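Hi,

Here is the structure I said I would pass on. Have a look at it first, then read my notes underneath.

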Amino acid sequence: MAELIDFSAALIEPQAIKDAGYVGVVGYFSDSRPGTNFGAKPLTREYCDRLRAVGLEIVTNYQYGKGDTADWKGGYDAGVHHAQIALGYHFAAGGPGFRPLYASVDSNPSLHEWNSLIVPFLRGWASVVGLEWTGMYGNARCIDWALEDGVATWFWQHNWSGDPSINDDHPAAHIHQIRIDRDRVGGVVVDVNTILADDYGQWSKATPPAPGPGDEVNRPEYVELDRMGNSASSRHGARVVNFLLHTQEGNGTAESLANYLNNPRNGVSYHYTLHDRVVVNVVDTDLASWSVLDANPYTINLCFAGSRAAWSRNDWLLIRDDIRIAAWFAVQDARKYDFEPHVIVPPYERREGISDHRYVTDCLGIGTHTDVGPNFPWDVFVADVHEFAGSGPRQPVPNAIDDSAAANPWLGSRITDGELGVPDGIGRRAHFEHGHIYWHPDTGAHAIPEALWATYAELGWETGPLGYPVTERTVLDGPDGRPWGVVQGFQGGALYRRLSSERAYRVHGAIRDRWNRTGFESGPLGWPESDELPWDGGAYQDFEHGRVYWTPDQTLAMISVGGVDIPLGDGEG
């Protein structure tokens, strides 16, 4: 009978596992709980790729707490929380859709604990991954209870029942853990499991469900309408690296939401609105929509009209066709703008790919929005993206700093010998006679001119609030057609410097959006003349002819006329 091993203490060389006669592993896709430091939690993409390279199977399991801190002791909310983490680590490691995720009941619970805590926990887990993909690691008695209550579909049996008479293979079990801490592979203590079914949840068996009547295997059916408006801004040369999903938080159709977005006074827009298989093009994807504050220059944004972040998984699955259409558009734009069609799911990692508004909040540190909400069916969406993407990830462009230097001859001679590292261990930089080039895989390579360098350095370079550059510098001409100043976009805002000014100033967030709507430096406020300053629970920033105030409730622009401050209407500029 074929066997798998599970282990968490340390990683084992894949070839050693194969040489020991095992066909694969049950991997742990969870963090180490406080006070521990397991070397094989969570399994990473690099390690899983090595396992598969030698022909080993992988099954996904999750266990964070144990004993008094067992995951299931948190009930329904804990099930939701831990399933989101498990799903994120599963996909980050290259796990496919349409595979079970096993949740651990690593104990011998009483019937009261089962009914009051474990059943709600598993239902919370299923609300994230789907009941059809909910697995449980538990003893034979728990498997019986789970079948009676209909809270799990896949079963990994252990022998912690306290009753040796029921340690035989359970007829519903897919895997049976038969020995614990008695075997070693590659010097690491392992548990041994027998395989009881042809499909026991191994990644290699992942297959999307057969299409039903009316389903399209490739391009989904939808109606596409053009309702392009003026609620957009230039990307200023930024490379698009993310496609983001949003909820409307209200009732509407794709057309009615587009009508609202096309009024620039409302200060919000998306590239696409989508509802009931109708897609409305609101903003040209070559331009930036007004969706995610400082992330606008390098993102494409789609809003599910009529949707809410508080929706349940079942609510989302009622618009299954629209989810599939959103995946289609995400993949098409990833190909058009040459970014990787990788879905970044909670708990998120900072990289190029496809995600939602909460990614911008949690991972990029911009804004406070949390849509599309905790119950969005990421497993379904990821499977759609995988189907449409087909050919796998885009390969990175080599020598990006050299390419940027060739495209920006104004930089002059190269000063550094080769490239230099930066503190995050990921990005790279190079120094030239008249500027610097910074590169990061999320943003590409962009040259920063000396005119902006002093302020960038003062704010902490790429480790400060600006982060990496996301656009090329743009020289701005004045009313007389002569160079007036320079601007450049960064992950955390933009630097503007009028050539007659002693330094550049950072403009970002809601104040930047309000200033943008007045017409940037050509509007009545003119050029920025200070950085953002704290004020009465909010902030303000001085401009050449006035000031913009921000509070959590509103943003107010004032212009100074004859020493008197006069409010500037949001439509004025």
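Below is what I found, going from the sheets to some odd spots in the backbone.

One thing to keep in mind: this is a predicted model.

Let's begin with the six-stranded sheet. It is open, its pairing is mixed, and the strands come in the order β9-β12-β11-β13-β10-β14. The edges are taken by β9 (223-226) and β14 (353-356); each has a single partner strand, so one side of each has no neighbour in the sheet. On average, neighbouring strands here are turned by 20° against each other, direction ignored.

Inside that sheet, β11 (residues 272-275) and β13 (residues 299-304) are a parallel pair, held by three bridges. If you want a spot to zoom in on, L274 sits opposite F304 in β13. There is also a helix packed on this sheet: α6 (residues 254-261) touches β9, β11, β12 (278-281) and β13. The direction of α6 makes about 155° with that of β11.

Further along the chain, have a look at β15, β16 and β17. Strands β15 (residues 420-421) and β16 (residues 428-432) pair antiparallel over two bridges, with R428 in β16 as the bridge partner of G421. Their hairpin has six residues between the strands, and G425 there takes a positive phi near 75°. Then β16 pairs with β17 (residues 435-440), again antiparallel, through five bridges. A430 stands opposite I437 in β17, and the hairpin that joins β16 to β17 does so through two residues.

Now for the odd spots. As a reminder, most residues other than glycine have a negative phi, and most peptide bonds are trans.

Which residues are joined by cis peptide bonds? K41 and P42 are one such pair, with omega about -15°; P42 is in the loop between β2 (24-28) and α2 (45-53). D371 and V372 are also joined by a cis bond, with omega about 25°. You will find V372 in the loop between α9 (357-362) and α10 (378-389).

As for phi, F520 has a positive value near 60°. F520 lies in the loop between α13 (509-518) and β23 (533-535), and it counts as partly exposed because its relative accessibility is 25%. D536 has a positive phi too, near 45°, and belongs to the loop between β23 and β24 (538-543). Is D536 buried or exposed? Its relative accessibility is 68%, so D536 counts as exposed.

Cheers

Conventions: Residues numbered from 1 in each chain as written. Predicted model: local features only at pLDDT ≥ 70, side-chain atom pairs only at ≥ 80, totals over all residues. Heavy atoms only, no water. Pairing = 2+ DSSP bridges. Helix = DSSP H or I, 4+ residues; strand = E, 2+ residues; numbered from the N terminus. Axes fitted to C-alpha atoms, helices over the stretch in contact; angles between N-to-C directions. Contact = heavy atoms within 4.5 Å. Buried < 20%, exposed > 50% of the residue type's maximum accessible area, 1.4 Å probe, protein only.
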